[in-house]
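Open the model in your viewer and keep the sequence panel visible. The stops below say what to select and what is there.

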Amino acid sequence: IADNKFEGTVSGVLGDIPVRGALVDTTKLVVAPYDSPEAILGTWDFVAHLDNETHPGTITFLEDGHVLKAEIATETGLTLGADSVEYKQVGDTMGVIRFEVAIPDLGTEKQVIELIVNGDRFDGEELHSQGAFYMEGTRQG
């Protein structure tokens, strides 16, 4: 190790592997503001389409510490919590939300839903339903 660089060998079951690298100056790294979930936080009205039927409800995106969560409430009073909620901004007003949720009408496995957000609207589908389950919605307020 010298001048914030290193060189050496890692020994393991595959034999010796040469390695080299350098210290990364983390003072120059910043959190990208465009991946902030601020654009989607709050409650949205939605209509889910399944088997030629419509099912209205609300979905609320919120931050719990540094974890993004979603709470889904249906017209029948069913409340579902979504796991693994992720948000990535794509442009100035667009982004992608992806989350997992267990929807009882779709079986016992969790479903993966991906929504495309454009301003105060979104639409998307359950990724493994081949279009049988999709959602569209608008921000409340």
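**Pocket and barrel**

The model is a predicted one. Start with the lining of the largest pocket, whose residues divide into 13 nonpolar, three polar and two charged. The lining holds 18 residues in total. To centre the view, select His55, Thr74, Leu78, Ile103 and Asp105, which lie nearest the centre of the largest pocket. Its volume is about 320 Å³.

Next, colour the elements that give two or more residues to this lining: strand S3 (42-50), strand S4 (53-64), strand S5 (67-74) and strand S10 (133-139). Which of the strands gives the most to the lining of the largest pocket? S3 does, with three residues.

Now widen the selection to the barrel. Eight strands form a closed barrel in the order S3-S4-S5-S6-S7-S8-S9-S10, and the pairing is antiparallel. From one strand to the next, the twist averages 30°. Strands of a sheet pair through backbone hydrogen bonds, either parallel or antiparallel.

**S3 and its two partners**

Select S3 with S4. The two pair in the antiparallel sense over nine bridges. One pair to label is Gly42 and Phe61, where Gly42 stands opposite Phe61 in S4.

Then swap S4 for S10. Seven bridges join S3 to S10, and these strands also run antiparallel. Here, label Ala48, which stands opposite Met135 in S10.

**S4, S5 and S6**

Keep Phe61 labelled and add S5: Phe61 stands opposite Ala70 in S5. S4 and S5 pair in the antiparallel sense, with eight bridges. The two strands form a hairpin with two residues between them. Select Gly65 in that turn and check its backbone torsions; its phi is positive, at about 70°.

Move along to strand S6 (residues 79-89). S5 and S6 run antiparallel and are joined by four bridges. For a pair to display, take Ile72, which stands opposite Leu80 in S6. S5 and S6 also form a hairpin, with four residues between them. In this turn the residue to select is Gly77, with a positive phi of about 90°.

While S5 is on screen, pick Leu68, which has its place in this strand. Is Leu68 buried or exposed? Its relative accessible area is 12%, and the limit for buried is under 20%, so Leu68 is buried. For a long distance monitor, draw a line from the C-alpha atom of Leu68 to that of Gly8: the separation is 41 Å, for two residues 60 apart along the chain.

**S9, S10 and the loop between them**

Finish on the other partner of S10. Select strand S9 (121-126). Five bridges join S9 to S10, with the strands running antiparallel. Label Glu125, which stands opposite Tyr134 in S10. S9 and S10 form a hairpin with six residues between them, and Gln130 in the turn has a positive phi of about 50°.

The last residue to select is Ser129, in the loop between S9 and S10. Its relative accessibility is 17%, so Ser129 counts as buried. Show its side chain and the backbone of Phe133. What is the distance from a polar atom of the side chain of Ser129 to the backbone nitrogen of Phe133? The two atoms lie 3.1 Å apart.

How values were computed: Residues numbered from 1 in each chain as written. Predicted model: local features only at pLDDT ≥ 70, side-chain atom pairs only at ≥ 80, totals over all residues. Heavy atoms only, no water. 1 Å grid on protein atoms, 1.4 Å probe; cavity = no way out; pocket = protein on both sides within 12 Å on 5 of 7 lines; lining within 4 Å. Points joined across faces, edges and corners; volume = space filled by probe spheres on them. Nonpolar A, V, L, I, M, F, W, Y, C, P; charged D, E, K, R; others polar. Pairing = 2+ DSSP bridges. Buried < 20%, exposed > 50% of the residue type's maximum accessible area, 1.4 Å probe, protein only. Polar contact = N/O pair within 3.5 Å; in protein donor to acceptor, adjacent residues only side chain to side chain. Axes fitted to C-alpha atoms, helices over the stretch in contact; angles between N-to-C directions.
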